[in-house]
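This report is an introduction for a reader who has not met this structure before. It treats the internal spaces first, then one helix and two pairs of aromatic rings.

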Amino acid sequence: MKRFLLLLAVLFGTAVQAQPFPNHPIKFIVPFPPGGNLDFIARTIQPKLAESLEQPVVIENRGGAGGIIGADYASRQPADGYTILLGNTGTLGIYPAVYPQLPYDPTKDFAGVGMTSTNAVLAVLNPSVPANSLREFVAYAKANPGKISAGVAGSGSLLHFATELLKSQAGIDILVVPYKGSGPALNDLLGGHVQLLIDAPTVTIAHVKAGKLKAIAVTGKTRLAALPDVPTFDEAGVTGVDGSGWQGIVVPAGTPRAVIEKLSAAVAKAIADPEVRERFSSQGLDPASMTGDEFSAHIRTEVPKWKAIARKANITVE
């Protein structure tokens, strides 16, 4: 009888293993609190992923340390495709350049599934600041050194880099205040506890349109279609503020190639969906398309790029 039960257990286990991927829910890790750019992207594409994969895709916000805690958690999960991470320029590109003891290595601990989007970042002010343009803000900051505070979503993040580049390129003295994510930083900006925030348009654009924040400049070479009256940094007279970001999905290294390819196809289908593209565009996001191999290669080029930028701008993370 025992041998019969053992045989049944083995056969059952083999049958479970033989079931096609996926056969149970998938965890979708967002390494930031709700309310930020990555959270918006994840919640926009999550229903489309669930539809393609025919399984629930459950979003888990694991914020902390500018995305490091969530990314580290994802890197240590089984390499079976049932845990996916939505990373970004900071977690997968910049952090290895500025953190000497990062608990994970984006190029060794993850395999690319696909890029989802790219975006410029937008500089916005609390209405209490007596400036309506970047030039006016720079003049005000120079007249009040050390009295302006800028919130940033995570030390060493793209948003931190953009803020430090604004400081150095404009020659202004402002206090940089790191937050665990964009949501908390935005709340303090709206409350007047900080006066400046440079973040993804997804975070601030609704408040700009509602008149609760003042937009003064956007990174990149072209203006945002959603805010055509807001000039680029170059147009506004401050060059060298590089803040173009990207986002994409990765899985733990060692995930079977067939699983990655199935996930990659689901991501590509979601990004091609007209509803997703419209929502992205309304928030200043540009849909992107890369295969898993292409995204892995992209990540490998980002670390040396940001190391060079950090060295040139003298940006350090303590």
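A cavity is a set of grid points where a 1.4 Å probe fits but cannot get out, and its lining residues have an atom within 4 Å of a point. The model described here is predicted.

**Cavities**

By this rule, 2 cavities of 30 Å³ or more are counted. The second largest cavity, with a volume of about 40 Å³, is lined by Leu49, Leu53, Ile84, Val113, Ile249, Leu263, Ala266 and Val267. By class, this lining holds 8 nonpolar residues, no polar and no charged ones. Helices α2 and α10 (257-272) each contribute at least two residues to it, and α10 has the largest share, with 3 residues.

The largest cavity holds about 230 Å³ of space. Its lining is made of 22 residues, and those nearest the centre are Asn37, Leu38, Asn88, Leu159 and Asp199. Two or more lining residues come from each of α2 (37-53), α4 (89-98), α7 (158-170) and β10 (245-252). Among the contributors, α4 gives the most, with 4 residues.

**The largest pocket**

The largest pocket encloses about 220 Å³. It is lined by 16 residues, of which Ala120, Thr222, Leu224, Gly284 and Asp286 are the closest to its centre. The elements that supply two or more residues to this lining are β4 (110-119) and β11 (285-287).

The table sets out the classes of lining residues for the three spaces.

| Space | Nonpolar | Polar | Charged |
|---|---|---|---|
| Largest cavity | 9 residues | 12 residues | 1 residue |
| Second largest cavity | 8 residues | no residues | no residues |
| Largest pocket | 5 residues | 8 residues | 3 residues |

**Helix α8**

Helix α8 spans residues 182-190, and its buried residues are Ser182, Gly183, Ala185, Leu186 and Leu189. Viewed down the axis of α8, these buried residues fall within an arc of 165°, so they line one face of the helix. A general property of helices bears on this pattern: an α-helix has 3.6 residues a turn, so residues three or four places apart point the same way. The cover over the buried residues of α8 includes the strands β5 (122-125), β6 (149-153), β7 (175-179) and β8 (196-199), together with the helices α7 and α9 (201-209). After α8 comes Gly192, which has a positive phi, near 85°.

**Aromatic pairs**

The model contains 6 aromatic pairs. One of these 6 pairs is formed by Phe161 and Trp306, with an edge-to-face arrangement, 5.2 Å centre to centre and 90° between the planes. This pair links distant parts of the chain, since Phe161 belongs to helix α7 and Trp306 to helix α12 (residues 292-313), 145 residues apart. Phe161 and Trp306 are both buried.

A further pair consists of Trp246 and Phe295, whose ring centres lie 5.7 Å apart with planes at 90°, so this pair is also edge-to-face. Because Trp246 sits in strand β10 and Phe295 in helix α12, the pair ties together parts that are 49 residues apart in sequence. Are Trp246 and Phe295 buried or exposed? A residue counts as buried when its relative accessible area is under 20%. Trp246, at 5% relative accessibility, therefore counts as buried. Phe295 is likewise buried, because its relative accessible area is 0%.

Conventions:
Residues numbered from 1 in each chain as written. Predicted model: local features only at pLDDT ≥ 70, side-chain atom pairs only at ≥ 80, totals over all residues. Heavy atoms only, no water. 1 Å grid on protein atoms, 1.4 Å probe; cavity = no way out; pocket = protein on both sides within 12 Å on 5 of 7 lines; lining within 4 Å. Points joined across faces, edges and corners; volume = space filled by probe spheres on them. Nonpolar A, V, L, I, M, F, W, Y, C, P; charged D, E, K, R; others polar. Buried < 20%, exposed > 50% of the residue type's maximum accessible area, 1.4 Å probe, protein only. Arc of directions from axis to C-beta. Contact = heavy atoms within 4.5 Å. Phe/Tyr/Trp six-rings, centres within 6.5 Å; stacked < 30°, edge-to-face > 60°.
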